[in-house]
Amino acid sequence: MYAQMVDTGVARVRSADELEGEEAGFQRGIDALEKVEATDWMPEAYRKTMIRQISQHAHSEIVGMLPEGNWITRAPSLKRKVTLLAKVQDEAGHGLYLYCAAETLDVSRDTLLEALHSGAAKYSSIFNYPTLTWADIGVIGWLVDGAAIINQIPLCRCSYGPYARAMVRICKEESFHQRQGFDIMLTLCQGSPAQKAMAQDALNRWWWPTVMMFGPPDAESVHSAQSMAWRIKLQSNDALRQKFIDQTVPQAALLGLTIPDPALTLDPETGHYRIGPVDWAEFYRVIKGDGPCNRERLAARVAAWEDGAWVREAAAAHAEKQAARRKECAA
């Protein structure tokens, strides 16, 4: 998931009998599948949770441009360069849609970005891993965007209207990204032994971080219950992770690649694939800022913000000039 471990600020889910007044009416609307709009009354905890989730998702899209952007000039053909450039541009657009959705909750974009640059706000753990070879770009599209699609399609039906509507377009574009990544992997796997080995190496390095994308097990996900009660989340971490695994294992077999999990087995009774133990200590370490690229990613974002200050200042000056002209004409 591009938003992980979102704090709801609520210790436990209260029953309908414990809710009163506007809060009780709000929950009835949620239960009736009504959309919450920016002008509607909402509990402060719901508003803050939506800000945390949408902004973390937006930050993930923006930071997610970095590992792929490094490969635009090194892509192996003009076609691959153009396609990757289009994908990175899409991700910038996704961040824009999401920051706009967050702003409907009465928070400024500058405030959200300040939280990211200071380290107070988080982004998805998956973007703190390096892209060492061209095959990594294929794996990001195939696995990371594939996992994102599984998580984000339900968000098109989440309770907050501006977020749900933004997700419709984002999911359509993520589907293109997933197909692009799979095509890169298929080309490598049908190429030379060295190319296929490169594809296998990338899968080996990215498999477990992608499995962790969905967040910790349900038993350890203390805020999931409230997010599901508010219909911010529609499926649990474990259910989404299982869907991803069941979808991806046959795809790896089609490519002729081996999932790097010796404990991987197919349960004949349920039809689901069972995986070995996940190193959740690594997940929490990366989330806390100690991943392979945490410092590099954050430094790159801060540098881009500082280097772009003149653009923002010029745009603001132009807007003021245009406003003054309109005022003169109206007079």
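Q: Which residues are buried in helix H5 (residues 109-118)?
A: In H5, Leu 112, Leu 113, Leu 116 and His 117 are buried. Buried means under 20% relative accessible area, exposed means over 50%, and partly exposed is in between (1.4 Å probe, protein chains only). Helices (H or I, at least four residues) and strands (E, at least two) are DSSP runs, numbered from the N terminus.

Q: Before we go on, what kind of model is this?
A: It's a predicted model, where local features need pLDDT of at least 70 and side-chain atom pairs count only at pLDDT 80 or more, while totals for chains, interfaces and linings use all residues. Residues are numbered from 1 along each chain as its sequence is written, and side-chain values use heavy atoms, with hydrogens and water left out.

Q: Back to H5, then. Why are its buried residues on the same side?
A: They cover an arc of only 130 degrees around the axis, which puts them on the same side of H5. The arc is taken from the directions from the helix axis to the C-beta atoms. As a general point, an α-helix has 3.6 residues a turn, so residues three or four places apart point the same way.

Q: And which residues sit on the face turned away from the buried side of H5?
A: That face carries Asp 110, Glu 114 and Ser 118, which are exposed.

Q: What do the buried residues of H5 pack against?
A: Three helices: H2 (44-63), H4 (78-103) and H12 (294-307). Contact here means heavy atoms within 4.5 Å.

Q: What follows H5?
A: Gly 119 does, and its phi is positive, near 90 degrees. Ala 121 is in the loop between H5 and helix H6 (134-152).

Q: Is Ala 121 buried or exposed?
A: Ala 121 is buried, at 17% relative accessibility. Leaving aside neighbours within four places in sequence, Ala 121 is in contact with His 59, Ala 115 and Leu 116.

Q: New topic: pockets. How much space lies in the second largest pocket?
A: About 200 Å³. On a 1 Å grid over the protein atoms alone, a pocket is an open set of points where a 1.4 Å probe fits, with protein on both sides within 12 Å along at least five of seven lines, and lining residues have an atom within 4 Å of a point. Grid points are joined across faces, edges and corners, and the volume is the space filled by probe spheres set on the points.

Q: Which residues are the closest to its centre?
A: Of the 13 residues that line this pocket, the closest to the centre are Lys 122, Tyr 123, Gly 289, Asn 294 and Leu 298. Helix H11 (280-287) and H12 are the elements that give two or more residues to the lining, and H12 has the largest share, with three residues.

Q: How many of the lining residues are nonpolar, polar and charged?
A: The lining has six nonpolar, four polar and three charged residues. Ala, Val, Leu, Ile, Met, Phe, Trp, Tyr, Cys and Pro count as nonpolar, Asp, Glu, Lys and Arg as charged, and the others, Gly among them, as polar.

Q: How many disulfides are there?
A: Zero, with a disulfide taken as a pair of cysteine sulfur atoms within 2.5 Å. The sulfur of Cys 100 is 16 Å from the closest cysteine sulfur, in Cys 158, which is too far for a bond. Cys 171 is in no disulfide either, with the nearest cysteine sulfur, that of Cys 156, 3.8 Å away.

Q: Is Cys 171 buried or exposed?
A: Cys 171 is buried at 7% relative accessibility, whereas Cys 100 is partly exposed with a relative accessible area of 35%.

Q: What does Thr 210 touch?
A: Not counting residues up to four places away in sequence, Thr 210 touches Ile 126, Leu 143, Val 144, Ala 147 and Phe 244. Thr 210 is in helix H8 (residues 193-212) and is buried, with a relative accessible area of 0%.

Q: Now the loops. Where is Leu 33?
A: Leu 33 is in the loop between helix H1 (21-31) and H2. Its phi is near 70 degrees, a positive value in a residue other than glycine, and Leu 33 is exposed at 56% relative accessibility.

Q: What about Arg 231, where is that one?
A: Arg 231 is in the loop between helix H9 (224-229) and helix H10 (237-255). Arg 231 has a positive phi of about 60 degrees although it is not a glycine.
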